[in-house]
Every structure is written in C-alpha cells, then in structure tokens.
Amino acid sequence: SINNLDDIIKEILAYSRNSRTGLQHEEFDLKTIVREIKEGLEIKDNPSFSFLEEYNADTLLYSDKGRLHTILRNIITNAVKYRKKEQHDSFVKIVFGKTGNRFTITVTDNGQGIARESLDKVFDMFYRGTATAPGTGLGLYICKEMLEKMGAEYHLDSIEGQGTSFSFSLGQAPNITAA
C-alpha cells in the first residue's frame, strides 16, 4: 500500500511539474536513462524475461532529460507490468534511431496487449484498461501531456493477447551543440 501511494504521489507531482515548468534542455546520453530505468525494474534476474536494446544512431541527445526519463519509465514499466507472466519468452525491446535533427524511440513488448475498444481511451486521465496489475490510470495520460508539451509525434499499436508498440518521434532542441 505504501509503494502504491508513493507511485500515485510521484505521478501527481510529475503531472504538476509538467504543467508548471517550461522545457529544460540539456545534453545527455539516452543509454544512461535506459540503464537507470532497467536497474529499477523488479524483474532484473528473471530468466524468462528479456530486456532488449537496439541503437541505430549516436545516443547523445539535447532535449528535456527529465521529461524523457518520465515518459520512458512509464512506457517501459507498463510493458513489464502487463507482460504475460506465464510466458517464458517475455520481452521489452527499445529501438532508437535518428534522422537529421529528429530521433525516434519505439518500445515494443509481447505482453497482454490492449483491447481494441480501449485503444482510444488509454491516454485519458484515470483510465485503466485492465485490472490485472495495480495502477492509477495516470501514467499514459502524463506521457501524452509531456510528449505534447515537447512537440512530439506519438503512436500506439496494440493487439490484445499479442503485445504493444509505443513509438514517439521528437526533434532535438534547435541550439544543439553536439554533432
């Protein structure tokens, strides 16, 4: 109960911070964020789960690190939380690529997936498409709000019983100093 309450408070704070503050651009390595998120997962040593990473470009970015961390943490945590626990080849895969000044991140899993009738509601505040795992219904709402504030394009594909793919594309800040 304490952990659930802590998660709720963190989500409310993230939402509040997003609505009150402007974008905070800084240079960082995406691999560092992914490693931090991966280390925080509860299934680090589970032999029936794979965390896959594919980087098709230099991962040095100039963007809003805090928001990007929150977005990825929510998406990856959902992928892990809604995996098929009885499945022995569960995975979450992150694919990163760049084209010019834009980068794209896709998080794919082979978990429970989302019912077709829920796809257009999962970004609504407090909406929960399933009760198979604890949650507040704020995570994807906060992701949507942050992605929109950052000017990102995003897309969700899911097939119930087969898995989900969440992809977003974002331009780096115009005053980037890195090549």
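What percentage of the 179 residues in the chain is buried? Let's find out on a short tour of this predicted model.

**Stop 1: the whole chain**

Select everything and colour by secondary structure. You should find 4 helices and 7 strands. Following the chain from the N terminus, the elements come in the order α-β-α-β-β-α-β-β-α-β-β. Now for the opening question: buried residues account for 42% of the chain. Switch on a surface view next. The chain exposes about 9800 Å², and 50% of that is supplied by carbon and sulfur atoms. Among contacts with a separation of 6 or more, 73% link residues 24 or more positions apart.

**Stop 2: strand 4 and Ile94**

Select residues 90-99, which form strand 4, and pick out Ile94 within it. Ile94 has a relative accessible area of 1%; because buried means under 20%, Ile94 counts as buried. Which residues does Ile94 touch, once neighbours within four places in sequence are set aside? Show Val34, Phe51, Leu52, Glu53, Glu54, Ile76, Ile105, Thr106 and Val107. Try a distance label on one of these contacts, Val107: its C-alpha atom is 4.6 Å from that of Ile94, although the two residues are 13 apart along the chain.

**Stop 3: helix 4**

Move on to residues 139-149, which make up helix 4. Here 8 of the 11 residues are buried, so the helix is largely enclosed by the rest of the structure. To see the buried ones, select Gly139, Leu140, Tyr141, Ile142, Cys143, Lys144, Met146 and Leu147.

Finish at Gly151, which follows helix 4 and has a positive phi, near 75°.

Key. Residues are numbered from 1 along each chain as its sequence is written. This is a predicted model: local features need pLDDT of at least 70, side-chain atom pairs count only at pLDDT 80 or more; totals for chains, interfaces and linings use all residues. Side-chain values use heavy atoms; hydrogens and water are left out. Buried means under 20% relative accessible area, exposed over 50%, partly exposed in between (1.4 Å probe, protein chains only). Helices (H or I, at least four residues) and strands (E, at least two) are DSSP runs, numbered from the N terminus. Contact means heavy atoms within 4.5 Å. Accessible areas come from the Shrake-Rupley method with a 1.4 Å probe; for residues, only the protein chains shown count as cover.
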